[in-house]
Amino acid sequence: MILVTGGCGYIGSHCVISLLNQNKKVAVIDNFVNSDKSVLKKINLISKKNILFYKGDLRQKSFLSDVFNKHNFETVFHFAGLKSLSESYKNPLEYFSANINSTINLLQTMQKYKVYNLIFSSSATVYGQDHPLPWTEDIKLKFPESPYAQSKAFIENLLLKYYQSDMNFKIGILRYFNPIGCHSSGLIGDRIDGSTNLIPSIMLYLLGKKPYLPIYGNDYKTKDGSGIRDYIHVDDLVNGHIGALKYIIEKKGIHIWNLGSGKGYSVFQIVSKFEEHYKKRIFKKVMPRREGDLSEYWADISKAGKELNWSPSLDIDKMILDSLNHLKKLKEANL
């Protein structure tokens, strides 16, 4: 059986569906801070299978022990955690607590119950800035600026030290770039309320819940002045997780891979694509740059290609069309 922490969240829910489609038995832990319990019904509807679910916080060690007591887990996919870069500046202690303390508890519990396979959801933000593009996994990391990125970098180092102290562990660390898109059913997608990220903001605008789309900075040293990011379809991202699990089971050790498209798209390019496919002009308003935002970055994904036999197959148009399909479902549900 596989345990998925944060399995009702954006990426976690897509991963759960993929695992269920492979006839894996799955248990999910989530506290609904970044998700909603309605996702459970949607997962069941899409997969036509039931999952075991436990509501709780990984910082409660007794809760974790109770869950591990009930099942013989083989693998943990660890998605749980807070994820807003800008929000982390406002509430750094909560980010350190939710992300780092929960991982420490999880590792200790896994060790106690002899569960040694771990796939960890990291972030490209650990690279910080001032590195030549594209970013490769062997870049020597400096301590990043944002509390969110700091928490991910700390956990990566923690996993390395933990592995060195107990080499029974087999660990895959996946550094995400910018996952967008959603399941082809349109039933599940990224949570949009409260997010300042680009795609949720576009969705809120198209739902009529925002009078304009905020563009955070148009004076970057890029072709059109807006920030450039590496966007990857969430389904491609999940396929990278499945490949990573196969790899660590066969190769053992601790391994790190970038998961992105290997290409950069500007904010204005993404907005233009939405306008093209939705056939509606999006009213934009330029705002000051957000703290921690970078001018441009994208991934070198050759390591994942070579070692995981993985490459993204869904292009930017598919990412946006699937997002718009999810928008249609939200409108039908009057959300």
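Which residue in strand 4 does threonine 5 stand opposite? Threonine 5 faces histidine 78 there, and the views below start from that spot. This is a predicted model, in which local features need pLDDT of at least 70 and side-chain atom pairs count only at pLDDT 80 or more, while totals for chains, interfaces and linings use all residues. Residues are numbered from 1 along each chain as its sequence is written, and side-chain values use heavy atoms, with hydrogens and water left out.

**View 1. Seven strands form an open sheet with parallel pairing.** The strand order is 3-2-1-4-5-6-11; strands (E, at least two residues) and helices (H or I, at least four) are DSSP runs numbered from the N terminus, and two strands pair if DSSP finds at least two bridges between them. Strand 3 (52-55) and strand 11 (253-259) are the edges, each pairing on one side only. From one strand to the next the twist averages 15°, with axes fitted to C-alpha atoms, for helices over the stretch in contact, and angles running from 0 to 180 degrees between N-to-C directions. Helix 3 (residues 61-70) packs on this sheet, touching strands 1, 2, 3 and 4, and its direction makes about 165° with that of strand 3. Strand 1 (residues 2-5) pairs with strand 4 (residues 75-78) over four bridges.

**View 2. Threonine 109 sits in helix 5 (residues 92-112).** With a relative accessible area of 1%, threonine 109 is buried (under 20%; exposed is over 50%, partly exposed in between; 1.4 Å probe, protein chains only). Leaving aside residues up to four places away in sequence, threonine 109 touches Lys61, Leu64, Ser65 and Phe68, contact meaning heavy atoms within 4.5 Å.

**View 3. Aspartate 190 and lysine 83 form a salt bridge.** Their closest N and O atoms are 3.2 Å apart; the term asks for a side-chain nitrogen of Lys or Arg within 4 Å of a carboxyl oxygen of Asp or Glu. Aspartate 190 lies in the loop between strand 7 (178-180) and helix 7 (198-206) and lysine 83 in the loop between strand 4 and helix 4 (85-90), so the pair ties together parts 107 residues apart in sequence. Aspartate 190 is buried at 19%, whereas lysine 83 is partly exposed at 42%.

**View 4. Arginine 175 meets glutamate 156 in a salt bridge of 2.7 Å, N to O.** Strand 6 (residues 170-176) holds arginine 175 and helix 6 (residues 147-165) holds glutamate 156. Arginine 175 is buried at 2%, and glutamate 156 is buried at 6%.
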